Amino acid sequence: MMEREEDEPVSPAGRFFLRPEMDQVINCALGLKNSLDVNYLKEHVKSSIMIQHPRFCSLLVRDNQGREHWRRTEVEIDRHVLVPELGGEFDAEGSPEDDEEIVNRYLADLAVSSPLGTDKPLWEFHLLRAQKCCVLRIHHALGDGISLMSLFLSCCRRADRPDEVPSISITASSSNSNSSKAKENKLSRSSRGGCGRLLWKGVLVVWFTIVFVVKFILRSLWVKDEKSAITGGAGVELWPRKLATAKFKLDDMKAVKKAVANADLSNMMKNNNSRSRWGNQFGFLLLPVYYHENVDDPLQYVKRAKAMLDTKKQSFEAHCSYAIGKLAMWVLGPKVATMLNYRILCNTSFTISNIVGPQEEIMVSGIPVTYFRVNSTGLPHALTMHMVSFAGRAEMQILVAKEIIPDPRVLAKCFQDALLELKDAAATSMKD
């Protein structure tokens, strides 16, 4: 007779995502070139590395003190693969919805009405056969974006080389050469400036960290954004939602990057050689968004944003926000810690996140993937945006409370047009 493995405690960040106030589920939509047979999907999932991962074959249980744990269990694939039948609707002009609109409407409904049950491991596949789409739903308590992306891609294959797993790092030679040049420049500047330059840099890091951490703490208490057109109300995370997709080309972003000094898209790329661990390791960055009038050069917006982000990079704000949340969970307990994090979200206007996806075209169960989109549930904002890069493009899911933003497609088009305007301005500036 096999002995049952000991239950594993849920991490502090995982406990945060399991609280009723922040019950957050990640919805990943994969467009497929061909329709996928449900039995074939079940067999593929059953034999995949994903099903062998402890988080994906464990139940969420609570002990007598209410502390959450993971308990190993047998996975019943039939309970995790759902096949809903969706019907199209008509817009205000009487035109029928296309497949993208049907999928986005389904994802928007999932965002407020379909939590994952705790009587099975916290993940599901929803196969939308008519729309050639597969939706993978994973509770955020299982892991952060990088952990989940790495695990998912290990179950996929490159479309051009079916024997190889997709990669998410930038070209090794490019990243290595850029990294080497950066290190050489730093050493050169250090040798010229001596200890004084290093000391001043250390002073700036300490100063900016203190300033930003104090602002972060104040946000968890009473400081809040001024009310605006996108400000929600109490319980906004439960309001009916709409979803739209903004689509970008990475080449357009790179064209803008070339026109801004010292800007580099590779700063947000994660190298495969980095020592990342499984879990929920994340932090907040509080970023101000300003409205500027009478700006003739659109690139000034990018330059201002870059200057602000450069200042943030000189601090340990994100690291400290993670450490503060972890400490609060241990000292004050999950209820108080979650309340403080919840207040930070309530006191800000919107959330935006991004994650690097595969560089190459990929296949799932032998079927080419046509798009890769992600959004999440449970945030008390009227506007949340999640971007994923995939095979030379990036797509951003714009999830809104429809009472505040009735048509997010207008907002998506504004973002797309803004990038094209920046691209044109960059081309003009490079000629001058």
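In the predicted model, Phe56, Trp123 and Phe125 are joined into a cluster by ring pairs. Across the whole structure, a search finds six aromatic pairs.

One of these is formed by phenylalanine 152 and phenylalanine 372, whose ring centres are 5.5 Å apart. The planes of the two rings stand at 80°, over the 60 degrees required, so the pair is classed as edge-to-face. Distant parts of the chain are linked by this contact: phenylalanine 152 belongs to helix H5 (residues 145-154) and phenylalanine 372 to strand S12 (residues 367-376), with the two positions 220 residues apart in the numbering. Both partners are buried: phenylalanine 152 has a relative accessibility of 12%, and phenylalanine 372 has a relative accessible area of 2%.

A second arrangement is found for phenylalanine 208 and phenylalanine 212, where the ring centres lie 6.0 Å apart and the planes meet at 15°, so this pair is stacked. The two residues are both located in helix H6 (residues 172-219), at a spacing of four residues, or about one turn of the helix. Phenylalanine 208 counts as buried at 18% relative accessibility, and phenylalanine 212 is likewise buried, at 9% relative accessible area.

Charged side chains also contact aromatic rings. The ring of phenylalanine 212 has the charged end of lysine 312 over it, 4.0 Å from the ring centre. Phenylalanine 212 thus takes part in a stacked pair and also lies beneath a lysine charge. In a further case, arginine 373 is placed over the face of tyrosine 371, at 3.9 Å from the centre of the ring.

Key. Residues numbered from 1 in each chain as written. Predicted model: local features only at pLDDT ≥ 70, side-chain atom pairs only at ≥ 80, totals over all residues. Heavy atoms only, no water. Phe/Tyr/Trp six-rings, centres within 6.5 Å; stacked < 30°, edge-to-face > 60°. Buried < 20%, exposed > 50% of the residue type's maximum accessible area, 1.4 Å probe, protein only. Lys NZ or Arg CZ within 6 Å of the ring centre and 35° of its normal.
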